[in-house]
Amino acid sequence: MNRVVVVGGGFCGVTTAVNLARLTESPLTVTVVNARHPLGRGVAYGTLRPEHVTNVVARNMSALADQPDHFVDWLRTRSDFAHVPLAELREAFVPRRVFGDYLQSLLLWYASAFADGRKVRIDRIQAEAVDVEPAGERVRVLLADGTTLDADRVVLATGNPPPADLPGLAIDHPQYVRDPWGDWPSRLPDPAQPVALFGTGLTMVDAYLTLTALGWLGKVFAVSRSGLLPMSHFKGPDYPGFPDADPTTLRLNQVVTLLETHCRQLQSRGLNPAILVDKFRPHTQKVWQHFSVPEKRRFLTEYRSRWGAARHRVPEFVAERIDEGVASGRLEVFAGVIASLTPTDAGLTVSVDTRTGRRDLAVGLAINCTGPAEGPDTSGQLLYRNLLVRGMVTPDEVDLGVRVTPEFEVVDRAGRRSAWLRVLGPPLRGTLYETTAVPELRAQAFRVAEGIVAELKAARADVRAVDQTFADVVEYTI
């Protein structure tokens, strides 16, 4: 029986494993290796906080690319959503822990549906994969406890790693939280003390919502280089005719001009210019791939923050909570660069260089909310470090992730595609840029599973052909 090892048990790992089980026509063992977060939940959906909700409406959250209503149909089986009218449910932003329940149930259902092992077996192992190496015609996955798994294919579905430390600020202090997705509420100081949040994106929003839900009384500072907050989702009139032509061959300057021109037109009509991001989204990956490397680097330096604020929006009721915090003075958001962190008897002094000079913030807790680390050499994951050292994977051209073929096969140091190693999700950021939302990820998981199933089927056909040829030769000889 062929085996596929899926490294990672979050959204990407679960959907890949489920699609392998759904698509294969021959016996197959799928082994999901998971370490950092609850199996079937990952970083985003491992939270148990009710205030943490999805940033995408339920109708776009199906885990199965070929069944777009799957999540909404699942929600309708739950008693806590039974009273919600279907039209309202489709537009709902549900708690992320509920979506985690959905992913876990999906994985467990497929694991039990084939529990007899006659066709597909889905194994789940709680362990850390630390290396992958060739093993004859197969490949071997090494686990941290010294055990190994031999496989025919390996899928790296590792998801988002914790944030990287800010340059020069890698301090070890009980009141500095490196991982904003860990159990930092247990480390909270006196509730009247100020808290500093590094970053002003979605992770900061999560942290602020948790602080307010816990009844935090102290002031909260949120600082990033741009000082931009995520925009709010909105409902409004459509903006037909944009883009009016195929934008996938435009240069960066042309894209900027196009967006700025239409932005002014929308603002003059009193409409939200963020609709341009939604209209542009179906083309984003191809536009990004058409950019030259200097254009990609320029986008990351000059436009990434503005694009991200408009692209990664929050529900209106979440935006209202943030606005209320700013208006009341409980939350102060500003632009700046963290210059230093200095331990004090009461906590930390955070020194921030702003446009008007340096500010020193005395806080009881500082949380790194800058978002996931980028680039395989900075992700902090031993697996990628080992693969890099041996040249099994290479960074992409802008060092945001790993280099892959159009079929998500890893490309090694010599420029050769791997016959057995695929990757999907956030490590493809440098290749696709848009590779974090459910609609993109579920499509990747389906394609990866589809490709692996086709390859294994072709390999079995080749073996049967060789066996038949050998039989013909033996019969003729006799």
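Two strands are said to pair if DSSP finds at least two bridges between them. The exercises below apply this to a predicted model.

**Exercise 1. Place strand 7 among its partners, and find which residue stands opposite valine 155.**

Step one is to look at the neighbours of strand 7 (residues 153–156). Strand 1 (residues 2–7) and strand 7 pair in the parallel sense over 4 bridges, and strand 7 also pairs in the parallel sense with strand 17 (residues 417–423), here over 3 bridges.

Step two is to go down to single residues: on the strand 17 side, valine 155 stands opposite arginine 422, while in the pairing with strand 1, leucine 156 of strand 7 has valine 7 opposite.

Step three concerns the side chains, for Arg153 and Val155 point one way from strand 7 whereas Val154 and Leu156 point the other way, and all of them are buried.

**Exercise 2. Determine which residues of helix 13 are buried, and what they pack against.**

Begin with the burial values: in helix 13 (residues 382–389), the residues Leu383, Tyr384, Leu387 and Leu388 are buried. Seen down the axis of helix 13, these residues fall within an arc of 130°, so they line one face of the helix. The general reason for such spacing is that an α-helix has 3.6 residues a turn, so residues three or four places apart point the same way.

Next, follow the contacts of that face: the buried residues of helix 13 pack against strand 1, strand 4 (129–135), strand 7 and strand 17. Just after helix 13 comes glycine 391, with a positive phi of about 75°.

**Exercise 3. Describe the buried and the exposed side of helix 12.**

First check the length: helix 12 (residues 316–328) has 13 residues and reaches 18 Å from its first C-alpha to its last, close to the 18 Å expected at 1.5 Å a residue.

Then list the buried residues of helix 12, which are Val318, Ala319, Ile322 and Gly325. They cover an arc of only 120° around the axis, and therefore lie on the same side of helix 12. This buried set packs against helix 6 (202–213) and strand 11 (331–335), whereas the face turned away from the buried side carries the exposed residues Glu324 and Ala327. Helix 12 is followed by glycine 329, whose phi is positive, near 90°.

**Exercise 4. Work out the surroundings of arginine 311.**

Arginine 311 lies in helix 11 (residues 304–311). Its relative accessible area is 10%, and because buried means under 20%, arginine 311 counts as buried. Leaving aside neighbours within four places in sequence, arginine 311 is in contact with Val277, Arg281, Glu434, Ala437 and Glu440. With glutamate 434, the side chain of arginine 311 makes a side-chain polar contact at 3.1 Å.

Notes: Residues numbered from 1 in each chain as written. Predicted model: local features only at pLDDT ≥ 70, side-chain atom pairs only at ≥ 80, totals over all residues. Heavy atoms only, no water. Helix = DSSP H or I, 4+ residues; strand = E, 2+ residues; numbered from the N terminus. Buried < 20%, exposed > 50% of the residue type's maximum accessible area, 1.4 Å probe, protein only. Polar contact = N/O pair within 3.5 Å; in protein donor to acceptor, adjacent residues only side chain to side chain. Contact = heavy atoms within 4.5 Å. Expected span 1.5 Å × (residues − 1). Arc of directions from axis to C-beta.
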